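Q: I would like to learn how to read a structure with several chains. Could we go through one step by step?

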Amino acid sequence: MLFLKKYKKYEHSYITTSIIILIILISLSLFAPLLTDYNPVRNNARNRLQPPSKEHLLGTDQYGRDIFTRILYGLRTSIEVGISVVILTVIFGGIVGIVAGYYPQIDKIIMRVLDAMMAFPGIIIAISLAAIWGAGKLNIILALSFAYFPKMARIIRSAVISIKDLDYVDSARAAGANDLRIIFKYILKNSASPIMVQATFNFALAILDEAALSFLGVGIMPPAPSLGAMVTDARTYMVVAPWMILAPGMMIILSVLSLNLLGDGMRDLLDPHLKNTLKK
Amino acid sequence: MRNYIIKRILLLIPILFIVALIAFFITNLMPGDPVRVILGNMATEAEIVRVKASLGLDQPLIVRFFRWLVNIVRGNFGDSLYLNAPVSQVLAERIRPTFLIAVFAEVFGITAGLLLGILAAVKHRKFLDQFSITISLFGISIPSFWLALILMYIFSVRLGWFPVSGYEPFAEAGLGTFKYIVLPAFTLAFMQAGLIARMTRSAMLDTLKHDYIRTAKSKGLSTYSIVFKHALKNSMLPIITVIGHNFAVLLGGTWIVETIFVIPGTGFMAINAIMRRDIPVIQASIIFVALIYVVLNLLVDLSYAFLNPKIRYQ
Amino acid sequence: MKKKLRLSLIVLLIVFSLLISSTVLAQEEDRFGGTLNTAFQMSVAHLDTDNSTDSMISAMMNHVYEGLFEFDENLNLTPHLAASYEIKENGLVYDVKLREDVRMHNGELMDADDVVASFRRWLEINNGGQLVAPHFDEIEKLDQYNIRFKFEEVYAPFLNILASPVSNQKFVVRAEEVIDEFGTDVIDRHVGTGPYKYEEWVPDQKLVLTRFEDYTPSPREGSFFAGERIPYLNKIVFNFIPDAQVRVSGVQTGQFHFAEEVPRDQYQIFKMDQNIKNVIIYPDRMSMLIFNNAEAPFDNKYARQAIAYALDFEELGYAMIGDPQFWRLESALHEKGNPWHVSDAGSGIYGVYDPEKAKQLLERAGYDGQPLVILSGQDNQMERQGAIAIQDQLEKIGIDVELQLFDRPTVVERRAKKEGWHMHLSPFIKVVPDPQIHQGWTGTNKWITNWDSKDSRQMDQIFAEMLREVDYEQRYKIVERMQAELWDSVPYFNILDYSRLHIRRTELKNFQAGWQPFFWNTYLE
């Protein structure tokens, strides 16, 4: 792949750093059962609101659950949501973008609808949809994908338009290749870079927005651990249990920061001219 | 130019129609019946039917949609189910605190963002550049609801410099209003500063590469005048774009920040309305945010067209 | 010379006694004045108590409207706007004589026409009125200040329900002209007889009441809601502040004199503050676990009993309320000290933590291992944390549970359905002056229970007997049977009683911790 060909470990320290952090975070969440003796959802209410100690590295919450454990599992939730949203966004965005870019007849209508959808800030679409479908992991993934895909569709559409009239695509068409074959063989292959950059930023954004929705109570259904919902609980007990607030926030920042760093690095690496056309 | 403006404004009509369509059906498909909330915990079915009819909520959905559409074109968003007043009037009242916060956040954000971005570009690959990159990365990576709570804990709960939350309007508290505004505005400004700094840095770096800057340098102009008179001026377009596009994100951010700091603005109103299904208010809030977004985008595009005549004739 | 001395002594005495009495009077006079700022948790949809079951509305409007009867501190029913009453024809007729000097906020004297109009509206649309209506015949105006309530059959709890503080069931007197104007629609012009009158309502922000200068207090001694109410304060402002920490810091900084429902975990912090007093409400609330009696497995009483055995109530107390001084285990529907308290209610099942027995009972009920749905609200701490803790406890003993936490409108809509949920947690008001009031949610297809079986009809029978029984001893026996039946068929059960914590500034004097906060007779120093 293009990405690996250009990547040199020592010249691109951003990418190296961010990938190392991400690997650490992913393994923390994958190996959570080995790293802690506690269960993330089991209560022990007689032991509620304990400050950090040897038994509970980061203290306990209002149900007596171990906060360290919940952070590891909460991170797992964030990563699951992030990856699923990225995949769905690429699929939805890909379909809509390719159709719009490839068939100018319906391009105008699709673009107006996408414009209208982009006029809602993502978080507002997600809040409304989460309120309709109810809280829950699957519904959050759908809501966020729905909110993010218009931008992805536009990126893919412009990639398609810029590629489809190039000579080698024309000659492939003249040689009798059908639309589907052209789309997959030439267009998708050549628009991979902007898609990958945007997908990385979407991953970061999905983690942030999942946390925000769970914070508002329309995200992950309790008692499943979510970093955002942990901040909500911390807010209620901020005065008597301030230790509850720091750790989940730090975990969100660390994962979002490393993803953004990776996105920046990849953008510089793959296409220096993309810098001004892509906004996060 | 005039034709271009008219064309662009006409294009807003289908967009806003689709926005209205989505807003109407999203709000009416939400589960949860406002009448049951009005009547309280122990209400009987007979009471529910009686109040529903008195609010006109027993009509078919499609009839209500067209009635509603005709009304909003006239600027009438209906009456709030809870606030005992027309939605447009409520919106007009609630817009003030939101506007104050947004403007302050934008002013903080632009000042800090430009400063960081310029420093980074001028000191490219030096310590200040790294510093600025780090700060702006944090700006776009910190969840605003968490930052708000940390600021609240440090500056209100611990130090007592600001009220924990709440709001007093300017008319009653005078300058005292600002002590309620500082923390929410700063929370939102942090993200804006990050976004603007990143864009400023890359735009400035691009500009500084151009020949005319080199010419200016060789002519012996001071760094100050090169940066501010030439480079910044020529980097303004992408910076304005990012500001324009992100103002709607900022407004979305006020939904969460106003809820945390309990500020009776449009965002707090919208979240409240969602939580108790005050349908006319939810609809108006969505349309309000969308309208601001499309109008700002229009202004950004028009300023492009104004500065770069080629676009007009495309 | 002697005479002169005596005269001057007398004069001195008179002056002295005058001085003393005037300072006493002045002290009494000093209490008048000031604006009270209070912070309440929930905003209300409107202010019409008949049209809602939200007890927050009556908590505020108790200052504006008064009942014919009100409860005192010990839950004794006391005539309030009524001067006296007489029960005739073995309980079929209630003759009520009204106080003749009661001035309403529109300047007119309250008379039988106001009471009759208000009562008809209450009977038609109020939840309490609907309890009474099936047994009621008619209300009759005897003369300007005398009224007759006639029943088709004996209805023992009538007067208690008229003054009931539960779910806004209380009957209050409004001016006839207002009822003519609004009918059954939501009233937004308020003319009552209370010590305060409606001044301004800004939805979601505040309700302002001002002193009613021509208020005519009841001649009886003041005690909670009954007797003399003195409006010392010029103005009462109810601010609606949904965020608990804002209410707290408002009291800490002196912006508010009173805050409703503050975090119980901060009790010690308030205790150390010289300017703040904690107000713990007793008996206050119970956390009720309600079953969907129509949906398997809870269409079988053994499955319902099983849940009571499967739960560790004490652990639940810590998880849903926290500090044990704010909650207590209580199996009866009426608290200790209440004349209807049944001390051995639920013995053998209440508070017996026996997971093995629970599993046996579930097996006996033919439970097939399907996930049990707990439906609860996000916005109430007891509901949210209780539901999470119940799920945890049931899963610990191998029962699959699905938690559904939603915002209020969704919860209210979903639980009204016959399927899709199994258990629901809800806070109930513990101050229930008459056992008949439980009939509103206990019996065949009452409230959301979907309880329709041989057992439910037996319960209907018990309530029908209770209705006709006027003798306390006999009625108490029926209440015992009702409680026994409840713990046998378990259509719902109370997990525990808990108290809310309010706080007030020390300068707010003479405040009493009633089941609903009230501010007549209080003054600011």
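**Reading a predicted model**

A: We can start with chain C, whose domain assignment gives domain 1 (36-257 + 507-524) and domain 2 (282-500). Keep in mind throughout that this is a predicted model.

Q: How far apart are the centres of domain 1 and domain 2 of chain C?

A: The centres, taken over C-alpha atoms, are 30 Å apart. The two domains also touch: 18 residues of domain 1 of chain C are in contact with 16 residues of domain 2 of chain C. On the domain 1 side, the elements that give two or more residues are α4 and α5 (158-162) of chain C. By class, that side has 12 nonpolar, six polar and no charged residues.

Q: Which part of chain C does the UniProt annotation "domain: Solute-binding protein family" cover?

A: An annotation is a label taken from a record, and it may be inferred rather than shown by experiment. According to UniProt, in an unreviewed entry, this one covers residues 77-436 of chain C. In the model, that span is 28% helix and 23% strand, and its end C-alpha atoms are 15 Å apart.

Q: Next, the contact between chains. How many residues does the contact between chain C and chain B take from each chain?

A: In general, the size of an interface is often given as the accessible area lost when the parts come together. Here we count residues instead: 27 from chain C and 27 from chain B. On the chain C side, the elements that give two or more residues are α4 (127-132), α7 (244-252) and α13 (408-415) of chain C. Of these, α13(C) gives the most, with five residues. The residues on the chain C side divide into nine nonpolar, 11 polar and seven charged.

Q: And how many residues does the contact between chain B and chain A take from each chain?

A: This contact takes 37 residues from chain B and 34 residues from chain A. On the chain B side, the elements giving two or more residues include α1 (2-29), α6 (127-141) and α7 (144-158) of chain B. The most comes from α11(B), with nine residues. The classes on the chain B side are 33 nonpolar, four polar and no charged residues.

Q: How many helices and strands are there in chain B?

A: Chain B has 13 helices and zero strands. Its C-alpha trace spans about 85 × 60 × 35 Å along the principal axes. Of its 314 residues, 46% count as buried. To see how the chain folds back on itself, take the contacts with a separation of 6 or more: residues 24 or more positions apart account for 72% of them.

Q: Which residues of chain B does the UniProt annotation "transmembrane region" cover?

A: The unreviewed UniProt entry lists several spans of chain B, among them 99-122 and 281-307. In the model, residues 99-122 of chain B are 100% helix and 0% strand, with end C-alpha atoms 34 Å apart. Residues 281-307 of chain B are also 100% helix and 0% strand, and their ends lie 39 Å apart.

Q: Is Pro86(B) buried or partly exposed?

A: The way to decide is to count neighbours; a residue needs 20 or more other C-beta atoms within 10 Å to be buried. Pro86(B) counts as partly exposed because it has 17 C-beta neighbours inside 10 Å. It lies in the loop between α4 (61-73) and α5 (87-122) of chain B.

Q: Which residues touch the most other members of the largest nonpolar core?

A: Of the 324 residues in this core, they are Ala126(A), Ile127(A) and Ala130(A). The largest share of the core, 16 residues, comes from helix α9 (residues 177-208) of chain B. Leaving aside residues up to four places away in sequence, the residues that Ala130(A) touches include Ala135(A), Ile140(A) and Leu213(A).

Q: Where is confidence lowest and highest in chain A?

A: As a general rule, where pLDDT is low, the predicted coordinates should not be read in detail. Chain A averages a pLDDT of 85, and 92% of the residues score at least 70. Confidence in chain A is lowest in helix α1 (residues 2-6), at a mean of 59, and highest in helix α4 (residues 67-102), at 94. Over residues 274-280 of chain A, the pLDDT is below 50.

How values were computed:
Residues numbered from 1 in each chain as written. Chains lettered and ligands numbered in written order. Predicted model: local features only at pLDDT ≥ 70, side-chain atom pairs only at ≥ 80, totals over all residues. Contact = placed C-beta atoms within 7 Å. Helix = DSSP H or I, 4+ residues; strand = E, 2+ residues; numbered from the N terminus. Nonpolar A, V, L, I, M, F, W, Y, C, P; charged D, E, K, R; others polar. Core = buried A, V, L, I, M, F, W, Y, C linked by C-beta atoms within 7 Å. Buried ≥ 20, exposed ≤ 12 C-beta atoms within 10 Å, placed from the backbone. Domains from an automatic or database assignment. pLDDT = per-residue confidence, 0-100.
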